[in-house]
Amino acid sequence: MIQMFQRRWLALLVVIFVGGVFAVFLGLQGPLNLSGTGTEIVKVGDYRFGLNEFERVRARRQALFEEQLGGQFDARAMSDTLDSLAARELVETALLAIAAEEMGLTVSKREVERLVLADPGFRDEGGRFDRDRFEDYAEYQFGSQRAFLEDRRLALLSLKMLRLLTGQAEVSEGEARDALERELEEVRIATVSFDSAEGGELPEVADETLSQVVVERGDEIAALYAERGDEYDRPERVRARHILRTVAQDAPETDVAAAQGTIEAAKSRIEAGEDFATVAGELSQDPGSASNGGDLGFFARGQMVPEFENAAFGLEPGGVAIARSNFGIHLIRLEERQEERSVPLDDVGQELARELLRRDEARKSLRTEAESLAEAVRGGASLEDAARAVELDLDRSGWLQRRGAGFVPGLGPAPELLAAAFALEPGESSSQIFEVENALVLVQQLEQRDADAVSVDRLLPERREQMLEAKRNNRTSAWLEARRSRLMDAGELVVNLAALQR
């Protein structure tokens, strides 16, 4: 019964604190003050929250995570996060309530009563308010009806202040249209990239020098080690090809027999000397690999369906086997096996130091080439002409938008480069050298086109609402942060998680 009330009360809280506007508790920006003594977990002005209040809020937070994550929720791994979120919720509730009281806002007894009467968890099977249910819940969860009603009063008071804050935010249709037109504007670009991760030789380096690099550039070496995780720390993997004839799990025996016959015939052809890739291209019904000769690349255990995986890992390189899975019947050939490998960072520190030095040298050389190209652009040449003159490859993009964190195919996230491209005129080149990942890149705008008017009109209401929500969030977050800082400086805001004694 209590669990039923908890679920229903959780739903009601979501209605109260979202209020059709946005999620209320945004999270404070600065670190919480973890000092303090005694049994109070959170103190904000005259408001004090002890263990009981803290655990109720924490349990509600945990219920939300469990609902969202299902079987992936790990209570132990999330413990510190739940503690922090619960504390922040209590802090922000109190901050809002204090400000509301300073402005003269109040919550009447009748408002609290309406809130309680609206809760379906306190109604009987006929839809009437059940006082016994209400009293049982209030006594069990809060210790008394008075404590429960005070908790609801505080929630409603905080909500009034929140609505006052968010109600002052506005986004005009023109403002939203300008933003959307800018986002949907498109550009095509040409780029020349100099990638320092490619090529470049390094002269012999003394072990003493490498050891010094390991010490001085430890963070970079650790990052490079993580970048090459599959190379130094990987499970057993195999690379296989397959030919698939699709058969449903409940297919008639005639269909199964036909697919089995096709696979066995393919096996005979391959054992007679035909190329597996050629036969796969002819017979396989796997759209993802047929055009690639059935090649599935490397995979570890747990990445394929069990029937396929067991057959593949049971083979020696060059061996073939037939297996049936829920996809159909497979003819599998093992191409290569990689044994499990685990190499500690300390064992490859000098190797990675050498790679860093090699990249440094390559970058110096490539910087010289990039500067030469930039100089040609500054002299009036287009990037296309300057690259062609020195026989460098030029990559041309499709239509790109500002959305997507400035992602450019072939380069990755490059917001500064893309912003510069939009600022150029069609045919104009930039002499700026952009650093994108390991590459040095120059850019030229090829052409630009305005946002499609039909798309703008269709997306305008949604975009306006998104901008309004963002403005409300930013406004409320900034307000909460300012209030938090002021009370912390005055010693009036303390979070004492040490009192949990877990």
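Thr-191 stands opposite Asp-395, a residue of strand 10. The model is predicted. Strand 3 covers residues 186-195, and its pairing with strand 10 is antiparallel, over 2 bridges.

These two strands belong to an open sheet of 4 strands. The order is 10-3-14-13, and the pairing is antiparallel. Strand 10 (395-396) and strand 13 (434-436) stand at the edges. Each has a single partner strand, so one side of each is left without a neighbour in the sheet. Helix 14, residues 349-378, packs on this sheet. Helix 14 touches strand 3, strand 13 and strand 14 (439-449). The direction of helix 14 makes about 35° with that of strand 14.

Now turn to the nonpolar core. The largest one holds 42 residues. Val-42, Val-44, Tyr-47 and Phe-148 touch the most other members. Helix 3 (residues 79-102) gives this core its largest share, 11 residues. What does Val-44 touch, leaving aside residues up to four places away in sequence? Its contacts are Val-91, Ala-94, Leu-95, Ile-98, Leu-487, Glu-492 and Leu-493.

Helix 3 also meets helix 2, which spans residues 51-69. The axes of the two helices come within 9 Å and cross at roughly 120°. That angle makes helix 2 oblique to helix 3. The crossing is right-handed. Which residues meet here? From helix 2 come Phe-54, Val-57, Arg-58, Arg-60, Arg-61, Gln-62 and Phe-65. From helix 3 come Ser-79, Leu-82, Asp-83, Leu-85, Ala-86, Ala-87, Glu-89 and Leu-90.

Terms used:
Residues are numbered from 1 along each chain as its sequence is written. This is a predicted model: local features need pLDDT of at least 70, side-chain atom pairs count only at pLDDT 80 or more; totals for chains, interfaces and linings use all residues. Side-chain values use heavy atoms; hydrogens and water are left out. Two strands pair if DSSP finds at least two bridges between them. Contact means heavy atoms within 4.5 Å. Axes are lines fitted to C-alpha atoms, for helices over the stretch in contact, and angles run from 0 to 180 degrees between N-to-C directions. A nonpolar core is a set of buried Ala, Val, Leu, Ile, Met, Phe, Trp, Tyr and Cys residues joined through side-chain atoms within 4.5 Å. Buried means under 20% relative accessible area, exposed over 50%, partly exposed in between (1.4 Å probe, protein chains only). Angles under 35 degrees count as roughly parallel, over 145 as roughly antiparallel, 65 to 115 as roughly perpendicular and the rest as oblique. A crossing is left-handed if the near helix is turned anticlockwise from the far one by less than a right angle, and right-handed if clockwise.
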